[in-house]
Number of protein chains: 2
Amino acid sequence: MKKASLKDIAQQAGVSTALVSYVLNGKEKETRVGEAIAQKIRLIAKELNYQPNHLAKSLRSGKTYTIGLIIADISNPFFANIARVVEDEAKKNGYTVIIGSCDEHAEKSWDLLNVLINRQVDGFIIVSCEGSESQVHYLKERNIPFVLLDRHFPEIQTDFVATNNYKASYDAGIHLIRSGYSKIGIMAYKSNMYHMEERVRGYKHALRDNHIEFDDSWLKEVHFENMESEVRTAIDEVLASGQRVEAMIFATYGLAINALKYINELRLQVPSDLAIVSFGQAEVFDLYYCPITYVRQPLEMLGKTSVEFLLKKLKNPEEGMKQILMEAKLIARESSKAKTAITAPPTPHDHS
Amino acid sequence: MKKASLKDIAQQAGVSTALVSYVLNGKEKETRVGEAIAQKIRLIAKELNYQPNHLAKSLRSGKTYTIGLIIADISNPFFANIARVVEDEAKKNGYTVIIGSCDEHAEKSWDLLNVLINRQVDGFIIVSCEGSESQVHYLKERNIPFVLLDRHFPEIQTDFVATNNYKASYDAGIHLIRSGYSKIGIMAYKSNMYHMEERVRGYKHALRDNHIEFDDSWLKEVHFENMESEVRTAIDEVLASGQRVEAMIFATYGLAINALKYINELRLQVPSDLAIVSFGQAEVFDLYYCPITYVRQPLEMLGKTSVEFLLKKLKNPEEGMKQILMEAKLIARESSKAKTAITAPPTPHDHS
DNA sequence: ATAACTTGCTTAATCGTTTAAACTAAATAT
DNA sequence: ATATTTAGTTTAAACGATTAAGCAAGTTAT
């Protein structure tokens with residue numbers, strides 16, 4: 001049982017394919033199709049269970065109603081969730097999303113870009129990874145519509161939807177300071193991506209504004225590829241140093257997870273041995289014995305808005321550039337609980 | 001700067017599009033294209049940065065090199081990970097994957113199926129949800145290639161790749177019994193899906209084979225839509241009953257997460273107040289203060305094999321039916337630690 | 001009575017690719 | 001000298017849809 005095409009319907013109805021196309025696209029009025037024939041065509045279409053061939057439609061119209069979503073790291077639940085939001089929102093508007101993860105590799109990102117361009121996606125939503133500036137320029141040159149999501153390049157003029165990372169990190173710092181911590185570290189990726197730099201900058205300014213002198217040993221930068229071992233070393237270092245930190249901000253979910261694993265191994269107690277604030281969000285943060293304070297980014301809004309921007313641009317390519325920074329919200333939990341004056345350290349919980 | 005087509009190249013080279021097509025598809029030998037012209041065509045193609053139009057190719061060939069992946073619930077990290085595996089494996093073979101989640105709703109699954117059929121996917125990999133039997137029959141009737149993944153319908157003859165859930169659950173039961181527990185409950189979805197029934201059956205047989213009489217109050221069936229509140233009730237019940245359970249098997253990841261949240265609220269201690277074994281796998285299980293014993297399904301293998309089966313079928317539609325059940329592995333951790341004879345309950349850890 | 005609409009339909013080009021078949025000119029065979 | 005091969009290339013149909021333009025009736029206007 002082959003799939004029915006317009007031609008099949010036309011044959012059965014004894015008319016040309018043009019008529020069938022008109023009727024099935026609801027253009028019978030403008031194109032003056034006879035009422036009787038229209039009825040007949042609709043009936044036959046139903047009988048044959050006609051489903052239009054999207055390929056043919058797209059080839060003709062130049063629109064595929066498909067969006068390419070390139071994500072820097074889909075194993076990060078924050079991105080996984082944002083991908084869902086994008087997908088849902090796109091579906092609501094009749095678009096299909098093709099998702100690809102480049103696992104923080106610019107090269108893989110290039111591949112994805114090309115594959116998706118060949119597949120004629122109408123536009124892109126991209127969570128950029130380090131070193132992908134040339135790809136952004138490429139898209140701009142070819143006039144391929146796209147919106148950067150969550151991460152952007154301040155030196156390249158593009159549409160983007162992102163979080164105010166400076167502010168988020170500043171708030172995290174202030175929160176820890178208000179909770180009585182003063183030796184506060186931060187762990188981030190070794191990267192010159194803007195969103196990462198902003199997180200570090202916000203943290204530093206929070207210290208500065210509270211007259212805490214930043215100590216170089218408090219900033220730990222870790223390579224994404226070698227995260228597990230470098231996180232361990234970093235934790236060892238911040239705890240051993242003369243300027244031993246009491247609290248730590250983790251600039252990403254992955255860093256926090258790896259750190260928590262190690263902290264568990266070391267039988268350290270959160271927050272008494274080390275207070276914690278993390279970026280990202282996930283079930284783990286709730287279920288950890290000491291729920292983790294985290295920066296909640298406006299995930300839904302970020303996803304929805306990126307789709308909205310892109311669709312507007314697809315409808316009207318002349319549309320002006322759109323850029324928006326959204327505010328994150330600090331969700332305070334026990335992992336950053338206010339330090340009580342001077343207490344004997346509680347007995348660590350038995351993990352054996 | 002418009003995208004270059006075969007025609008553009010042909011014009012520049014002063015030849016017909018046929019020649020260009022032959023050369024760019026490596027058919028120059030069979031079709032006897034002159035060496036000089038071939039060179040010229042390749043050069044121009046490179047200069048124009050020619051990228052073939054996948055739509056046109058697909059329309060002509062009837063193959064899109066696209067697989068539809070329909071997942072029952074993408075928010076479950078097990079499925080999210082399996083989706084990644086499928087995507088990677090497909091990409092290796094030159095296929096693109098379009099993912100959709102039906103969130104355990106058969107209706108949504110129908111929509112997805114139709115959308116993807118219209119998009120001319122070459123075949124499907126499907127994690128079925130309850131009530132989607134008719135969809136499976138539909139695919140069979142239309143001869144649309146597909147492989148069921150993780151869940152299947154024993155009464156419908158199809159290709160499938162799944163876990164031996166009976167065995168996995170049986171092993172989980174045995175493990176708990178060996179660890180000294182005898183009042184063992186199980187929490188599952190209220191569902192007549194085969195994989196769910198098998199998990200309950202395996203558990204019951206483990207009890208039976210060890211002469212433990214199953215108590216009806218030990219089986220808690222929860223509706224997916226109303227999970228949060230029903231899990232709480234269920235936990236309350238199994239703890240309050242005359243036959244108070246000492247251990248609990250959670251048939252899915254979602255159930256376990258919700259239960260753990262509630263157990264934390266109740267300040268209950270795992271495993272002393274309640275030992276736990278769960279299906280599914282995720283970071284949470286590692287990071288929980290008492291690492292959770294879980295059934296590790298062969299995620300990688302499941303995903304890879306499903307792609308392999310489907311691609312074989314796409315290459316040769318006459319290929320026989322393929323069905324495979326893979327074994328899961330129980331990863332024993334502290335949440336199901338052997339019960340020590342008779343001990344005073346340890347002071348619950350301070351969660352405040 | 002004839003020009004000018006209206007109605008209801010068909011024709012044919014187009015999107016970008018593939019590929020069987022046809023064609024031409026040169027080379028080889030008889 | 002003529003028939004047959006071979007090499008190198010073009011033509012044109014096809015995939016399934018859309019849509020501007022054309023055409024043949026019938027209707028209305030003048």
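These legends walk through several close-up views of a predicted model.

**Figure 1. How the two chains sit relative to each other.** Start with the pair as a whole. Turn chain B by 180°, shift it 0.0 Å along the axis, and it can be laid on chain A with an RMSD of 0.1 Å. The two copies are thus related as by a two-fold rotation axis.

**Figure 2. The interface between chain A and chain B.** Here we look at where the chains touch: 53 residues of chain B are in contact with 52 residues of chain A. About 4,700 Å² of area is buried between chain B and chain A, and carbon and sulfur atoms give 52% of that area. Three residues are worth picking out in this view: Leu55(B), Arg119(B) and Leu287(B) supply 17% of the area that chain B buries against chain A, more than any other three residues. Do the copies meet through the same surface or through different ones? They meet through the same surface, because 98% of the interface residues of chain B are also interface residues in chain A.

**Figure 3. The largest cavity.** Now for the empty space inside. The structure holds six cavities of 30 Å³ or more, and about 220 Å³ of space lies in the largest cavity. Its lining is made of 15 residues, and the closest to the centre are Leu55(A), Arg119(A), Leu55(B), Thr66(B) and Arg119(B). Which elements give two or more residues to this lining? They are α4 (54-61) and β2 (96-101) of chain A, along with α4 (54-61) of chain B. Sorted by class, the residues of the lining of the largest cavity come out as four nonpolar, nine polar and two charged. Leu55(B) and Arg119(B) may ring a bell, since both belong to the trio picked out at the interface, the one that supplies 17% of the area chain B buries against chain A.

**Figure 4. The second largest cavity, in chain A.** About 150 Å³ of space lies in the second largest cavity. It is lined by 18 residues, and those nearest its centre are Asn76(A), Phe79(A), Arg151(A), Arg199(A) and Thr252(A). Two helices of chain A, α5 (77-92) and α9 (194-209), each supply at least two residues of this lining. The largest share, three residues, comes from α9(A). By class, the lining of the second largest cavity has eight nonpolar, five polar and five charged residues.

**Figure 5. Domains around the second largest cavity.** Step back a little and chain A divides into domain 1 (6-52), domain 2 (65-164 + 299-327) and domain 3 (166-297 + 332-336). Where does the second largest cavity lie? Domain 2 and domain 3 of chain A both give residues to its lining, so the cavity lies between them. As for domain 1 of chain A, 38 Å separate its centre from that of domain 2 of chain A, taken over C-alpha atoms.

**Figure 6. Backbone oddities in the loops.** Most residues other than glycine have a negative phi, and most peptide bonds are trans. Against that background, the peptide bond from Val270(A) to Pro271(A) is cis, with omega near 0°. Pro271(A) sits in the loop between α11 (253-265) and β9 (275-279) of chain A. Over in chain B, a cis peptide bond joins Val270(B) and Pro271(B), with omega about 0°, and Pro271(B) lies in the loop between α11 (253-265) and β9 (275-279) of chain B. Glu104(A) has a positive phi, near 65°, though it is a residue other than glycine. Look for Glu104(A) in the loop between β2 and α6 (106-118) of chain A.

Conventions:
Residues are numbered from 1 along each chain as its sequence is written. Chains are lettered from A and ligands numbered from 1 in the order in which they are written. This is a predicted model: local features need pLDDT of at least 70, side-chain atom pairs count only at pLDDT 80 or more; totals for chains, interfaces and linings use all residues. Side-chain values use heavy atoms; hydrogens and water are left out. On a 1 Å grid over the protein atoms alone, a cavity is a set of points where a 1.4 Å probe fits but cannot get out, and a pocket is an open set with protein on both sides within 12 Å along at least five of seven lines; lining residues have an atom within 4 Å of a point. Grid points are joined across faces, edges and corners, and a volume is the space filled by probe spheres set on the points. Helices (H or I, at least four residues) and strands (E, at least two) are DSSP runs, numbered from the N terminus. Ala, Val, Leu, Ile, Met, Phe, Trp, Tyr, Cys and Pro count as nonpolar, Asp, Glu, Lys and Arg as charged, and the others, Gly among them, as polar. Domain bounds come from an automatic or database domain assignment. Copies are superposed by least squares on the C-alpha atoms of residues with pLDDT of at least 70 in both. Contact means heavy atoms within 4.5 Å. Buried area is the accessible area (1.4 Å probe) that two parts lose on being put together, summed over both.
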